[in-house]
Amino acid sequence: MTYPIAPLFCRPWTLNGLSPRLIESHYAHNYGSAVRRLNAVSDELAALDLTSTAPQALGRLKREQASLLNSTLLHELYFASLGGDGRVPPPAISAALARDFGSFDRWRREFMALAESLAGESGWIVLSYLPRERQLMNLCATEHAQGMAGGVPILALDMYEHAYQLEFGANQEAYVAAFMRNILWPAVESRYAGALDAAPPLTLEQPEFAGLPGVAPEEVLAMLAAGDKVQLIDTRPRHYTTRDNEIMAGAVWRDPERISEWMGSLSKDQPVVTFCVYGFHIGCQSASALRDAGYDARYMRGGHFAWKALDGPVDLFKPPAA
């Protein structure tokens with residue numbers, strides 16, 4: 001399968017003490033790189049001839065895939081965790097933290113202490129809900145591969161020596177074969193049905209643009225690769241154009257505040273895709289205005305930085321004349 005770039009969830013310009021430049025770089029380069037590499041590894045796995053591939057090579061790729069998927073999921077959770085007043089949790093989560101940690105302040109001290117415990121090492125500190133215990137827990141991971149973020153296990157094979165050595169000695173293959181013969185599939189199926197009830201990560205919703213058609217950056221890339229005729233309109237605000245020296249290849253910048261002046265230059269016979277910085281407002285408003293005027297317009301979800309995170313082709317952006 002192909003893992004899509006998720007639009008940036010937080011609004012960088014609203015953050016206190018975290019600059020848009022920091023968030024943009026983190027999203028486009030670190031998160032985007034993880035998603036692109038994840039897709040490359042997944043494609044490599046899908047193309048393997050399992051009759052001739054060494055198990056070690058398969059294992060290496062699967063471990064890398066798991067690590068990259070964790071990186072992808074954790075980055076998406078990180079961006080979705082930003083944008084509010086962290087000092088005052090709402091009543092429901094405050095009560096849950098007090099229930100499981102003793103108080104909100106104790107949770108906060110533990111969470112921050114875990115971050116300090118990494119002492120310069122790379123890793124993640126995560127507040128997780130454990131359905132089995134119905135409680136919240138802080139987790140410290142120094143590697144992406146230490147657990148699947150948001151995963152609900154339904155089948156497990158213990159490959160530690162204590163699971164098989166007493167009976168099978170060093171014969172792991174016999175142990176695995178015995179395990180496979182003894183899987184209780186009705187129980188696995190039951191756990192699968194339960195896992196389907198687990199809610200997916202909260203997706204970005206903009207009620208004010210609920211009926212407005214959008215298009216993913218991956219779809220735009222596919223359209224361009226197929227040679228489809230599409231009018232790409234960069235509607236980032238004028239003040240933002242001084243902050244970035246790149247523009248989507250094939251796109252033209254147009255001032256969103258003067259849309260009534262330039263929309264007449266567009267063709268109504270070809271689809272239009274508009275995009276702004278992150279895909280929150282301006283690109284949506286531009287597409288909406290164009291649709292009201294009779295154009296087949298859609299906005300690109302995630303905007304300019306989703307395109308960069310996808311590593312879509314860009315050109316040097318020449319700032320418009322004042």
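Which residues does Tyr 27 touch, not counting residues up to four places away in sequence? In this predicted model, the list runs through Ile 5, Ala 6, Pro 7 and Leu 8, then Gly 32 and Phe 79, and ends with Phe 305, Ala 306 and Ala 309. That makes Tyr 27 a handy place to start our walk through the structure.

Let's look at the core first. In soluble globular proteins, nonpolar side chains tend to be buried together. Here the largest nonpolar core has 18 residues, and Tyr 27 is among the five members that touch the most others, along with Ile 5, Leu 8, Phe 79 and Phe 305. Two helices, α1 (20–46) and α11 (303–309), each supply at least two residues of this core. The largest share comes from α1, with five residues.

Helix α1 is also a good guide to the charged side chains. Side chains of opposite charge can pair when their charged atoms come close, and a search of the whole structure finds twelve salt bridges. One of them joins Arg 243 to Glu 24, with the closest N and O atoms 3.2 Å apart. If you trace this pair along the chain, you find that it links distant parts: Glu 24 sits in helix α1, while Arg 243 belongs to the loop between β4 (231–234) and β5 (246–248), and the two are 219 residues apart. What about their surroundings? Glu 24 counts as buried because its relative accessibility is 7%, below the 20% cut-off. Arg 243, at 44% relative accessibility, counts as partly exposed.

A second salt bridge that involves α1 is the one between Arg 37 and Glu 64, where the closest N and O atoms are 2.9 Å apart. Arg 37 lies in helix α1 and Glu 64 in helix α2 (residues 55–80), so this pair ties together parts that are 27 residues apart in sequence. Both partners are partly exposed: Arg 37 has a relative accessible area of 34%, and Glu 64 is at 24%.

Helix α2 also holds Arg 60, which is partly exposed with a relative accessible area of 42%. For a sense of distance in the model, you can step from Arg 60 to Gly 211: their C-alpha atoms are separated by 44 Å, and the two residues are 151 apart along the chain.

Two further sets of charged residues are worth a look. Asp 244, Glu 246 and Lys 308 are linked in a network of salt bridges. Elsewhere, the side chains of Arg 99 and Asp 100 meet in a salt bridge with an N to O distance of 2.8 Å. Arg 99 counts as exposed because its 53% relative accessibility is over the 50% cut-off, whereas Asp 100 is partly exposed at 24%.

Our last stop is a pair of packed helices. Two packed helices are described by the angle between their axes and the distance between the axes. For helix α3 (residues 91–101) and helix α4 (residues 104–117), the angle is about 75° and the axes are 7 Å apart. An angle from 65 to 115 degrees counts as roughly perpendicular, so α3 is roughly perpendicular to α4. On the α3 side, the contact is made by Leu 97, Ala 98 and Phe 101, and on the α4 side by Phe 104, Arg 106, Trp 107 and Glu 110. By type, the residues of this contact divide into five nonpolar, two charged and no polar.

Methods:
Residues numbered from 1 in each chain as written. Predicted model: local features only at pLDDT ≥ 70, side-chain atom pairs only at ≥ 80, totals over all residues. Heavy atoms only, no water. Core = buried A, V, L, I, M, F, W, Y, C linked by side-chain atoms within 4.5 Å. Buried < 20%, exposed > 50% of the residue type's maximum accessible area, 1.4 Å probe, protein only. Helix = DSSP H or I, 4+ residues; strand = E, 2+ residues; numbered from the N terminus. Contact = heavy atoms within 4.5 Å. Salt bridge = Lys/Arg side-chain N within 4 Å of Asp/Glu carboxyl O. Axes fitted to C-alpha atoms, helices over the stretch in contact; angles between N-to-C directions. Parallel < 35°, antiparallel > 145°, perpendicular 65-115°, else oblique. Nonpolar A, V, L, I, M, F, W, Y, C, P; charged D, E, K, R; others polar.
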